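The following paragraphs lead through the strands and helices of the structure shown here. They begin with one sheet and the helices packed on it, and then turn to a second sheet and its surroundings.

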Amino acid sequence: MTNPNFILTLSCPDQMGIVHTVSGFLFERGGNIIDSAQFDDQDSDRFFMRVHFEERRPDVGLDKLKAEFEPIAQKFNMDWQMFDGRVKPRVLIMVSKIGHCLNDLLFRHQSGNLPVEIATIVSNHPDFYQLAASYNIPFHHLPLLGASDEQKAAQEARIIEVVEQQKIDVVVLARYMQILSNDLCQKLSGRAINIHHSFLPSFKGAKPYHQAFNKGVKLIGATAHFVTADLDEGPIIEQDIARVDHSMTPDELTAIGRDVECVTLARAVKWHAEHRVLLNDKKTVVFK
């Protein structure tokens with residue numbers, strides 16, 4: 001794509017004229033719509049829209065477009081954002097001692113299948129520093145040496161430092177096995193994605209696939225969601241499942257489950273990076 005391209009996302013109270021006004025705004029400025037999607041949530045009476053467009057005025061940048069669109073946003077009482085489609089979000093990946101999701105994200109990124117810039121990796125264990133080095137990505141070992149509130153606060157302060165220094169747009173918890181404090185959850189609100197090892201969060205704590213085995217489940221899966229202070233209950237971005245049966249061992253369930261986790265998390269990160277995920281109170285609208 002030779003010309004600059006931008007992505008507009010918005011939500012507002014549903015009313016007549018929104019699509020007409022937005023498309024007219026782009027037409028008047030020579031904007032060419034590449035793709036557009038909208039959704040009317042009749043339960044909340046709220047309208048959601050994502051427009052990807054090409055800008056044919058070579059002297060127009062993101063700041064100018066935002067300033068020109070602001071009167072329309074105020075008229076319709078919009079929650080809105082506009083992004084330069086050529087800029088990849090900067091990602092920080094957090095991981096503990098289980099590395100399948102980290103490895104998958106790194107490979108997808110290197111292969112050009114994940115439209116992000118992985119800026120750095122943070123872990124409370126040193127296990128994956130060599131993996132990070134093999135991809136030439138900085139690795140920060142920020143251990144939790146104890147369980148006191150002071151030690152946790154100090155470690156999370158360092159995480160925030162890394163986020164700010166590296167100008168991170170999205171934090172991905174790729175099986176980071178620590179509960180984030182309410183304060184950190186608030187600071188990362190709407191820009192932190194977690195993968196939960198269950199289609200429905202029924203098996204919490206250690207060895208979830210062993211718990212599933214003991215219950216004789218027939219479906220296992222994974223849920224990617226935004227991080228909130230309510231543990232594993234943030235707005236869901238993506239879910240997937242795999243069918244299993246009585247003949248499978250806990251180790252086989254674990255292997256299948258980890259594959260599902262990788263795919264589910266990768267989809268969620270990709271859609272978020274492409275600005276396809278809009279918050280809708282405790283839910284999401286995902287324009288795939």
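**The four-stranded sheet and its helices**

Strand 2 and strand 3 run antiparallel and are joined by 9 bridges. The model in which this pairing is seen is a predicted one. Within the pair, Asp 35 has His 52 of strand 3 as its bridge partner. The hairpin of strand 2 and strand 3 has 4 residues between the strands, and in this hairpin Asp 45 takes a positive phi near 55°.

On strand 3 there is a further pairing, with strand 1. Strand 1 (residues 5–13) and strand 3 (residues 46–54) are also antiparallel, and 9 bridges join them. Pro 13 is bridged to Arg 46 in strand 3, and Leu 10 stands opposite Met 49 of the same strand. Strand 3 is mostly covered, with 8 of its 9 residues buried.

These strands belong to an open sheet of 4 strands, which has the order 2-3-1-4 and antiparallel pairing. Strand 2 (32–41) and strand 4 (79–84) stand at the edges; each has a single partner strand, so one side of each is left without a neighbour in the sheet. Direction ignored, neighbouring strands of this sheet are turned by 10° against each other on average.

Two helices pack on this sheet. Helix 1 (residues 18–28) touches strand 1, strand 2 and strand 3, and its direction makes about 20° with that of strand 3. Helix 2 (residues 62–75) touches strand 1, strand 3 and strand 4, and its direction makes about 160° with that of strand 4.

Which residues of helix 1 are buried? They are Ile 18, Thr 21, Val 22, Gly 24, Phe 25 and Leu 26. The cover over the buried residues of helix 1 includes strand 1, strand 2, strand 3 and helix 2. After helix 1 comes Gly 30, which has a positive phi near 75°.

The two helices also meet each other. Two packed helices are described by the angle between their axes and the distance between the axes. For helix 1 and helix 2, the axes come within 11 Å and cross at roughly 150°. Helix 1 and helix 2 are therefore roughly antiparallel to each other, since an angle over 145 degrees counts as such. The crossing of helix 1 past helix 2 is right-handed. In this contact, Thr 21, Val 22 and Phe 25 of helix 1 meet Leu 65, Glu 68, Phe 69 and Ile 72 of helix 2. By class, the residues of the contact of helix 1 with helix 2 comprise 5 nonpolar, 1 polar and 1 charged. Thr 21, Val 22 and Phe 25 thus appear both among the buried residues of helix 1 and in its contact with helix 2.

**The seven-stranded sheet and its surroundings**

A second open sheet is made of 7 strands in the order 7-6-5-8-9-10-11, and its pairing is mixed. At its edges stand strand 7 (139–141) and strand 11 (236–243), each with a single partner strand, so one side of each is left without a neighbour in the sheet. From one strand to the next, the twist averages 20°. Strand 10 (residues 219–226) pairs with strand 11 in the antiparallel sense over 7 bridges. One position in strand 11, Ile 241, is the bridge partner of Gly 221.

Ile 193 lies in strand 9 (residues 192–196) of this order. Is Ile 193 buried or exposed? Ile 193 is buried, with a relative accessible area of 0%. Not counting residues up to four places away in sequence, Ile 193 touches Val 170, Val 171, Val 172, Leu 173, His 225, Phe 226, Val 227, Ile 237, Leu 265, Ala 268, Val 269 and His 272. With Leu 173, which is 20 residues apart from Ile 193 along the chain, the C-alpha separation is 6.0 Å.

A further helix pair completes the account. The axes of helix 7 (residues 208–215) and helix 8 (residues 250–273) cross at roughly 120° and come within 9 Å. That angle makes helix 7 oblique to helix 8. Helix 7 passes helix 8 in a right-handed crossing. On the side of helix 7, the contact is made by Tyr 209, His 210 and Phe 213; on the side of helix 8, by Pro 250, Leu 253, Thr 254, Gly 257, Arg 258 and Glu 261. The residues of the contact of helix 7 with helix 8 fall into 4 nonpolar, 3 polar and 2 charged.

Definitions and conventions: Residues are numbered from 1 along each chain as its sequence is written. This is a predicted model: local features need pLDDT of at least 70, side-chain atom pairs count only at pLDDT 80 or more; totals for chains, interfaces and linings use all residues. Side-chain values use heavy atoms; hydrogens and water are left out. Axes are lines fitted to C-alpha atoms, for helices over the stretch in contact, and angles run from 0 to 180 degrees between N-to-C directions. Angles under 35 degrees count as roughly parallel, over 145 as roughly antiparallel, 65 to 115 as roughly perpendicular and the rest as oblique. A crossing is left-handed if the near helix is turned anticlockwise from the far one by less than a right angle, and right-handed if clockwise. Contact means heavy atoms within 4.5 Å. Ala, Val, Leu, Ile, Met, Phe, Trp, Tyr, Cys and Pro count as nonpolar, Asp, Glu, Lys and Arg as charged, and the others, Gly among them, as polar. Buried means under 20% relative accessible area, exposed over 50%, partly exposed in between (1.4 Å probe, protein chains only). Two strands pair if DSSP finds at least two bridges between them.
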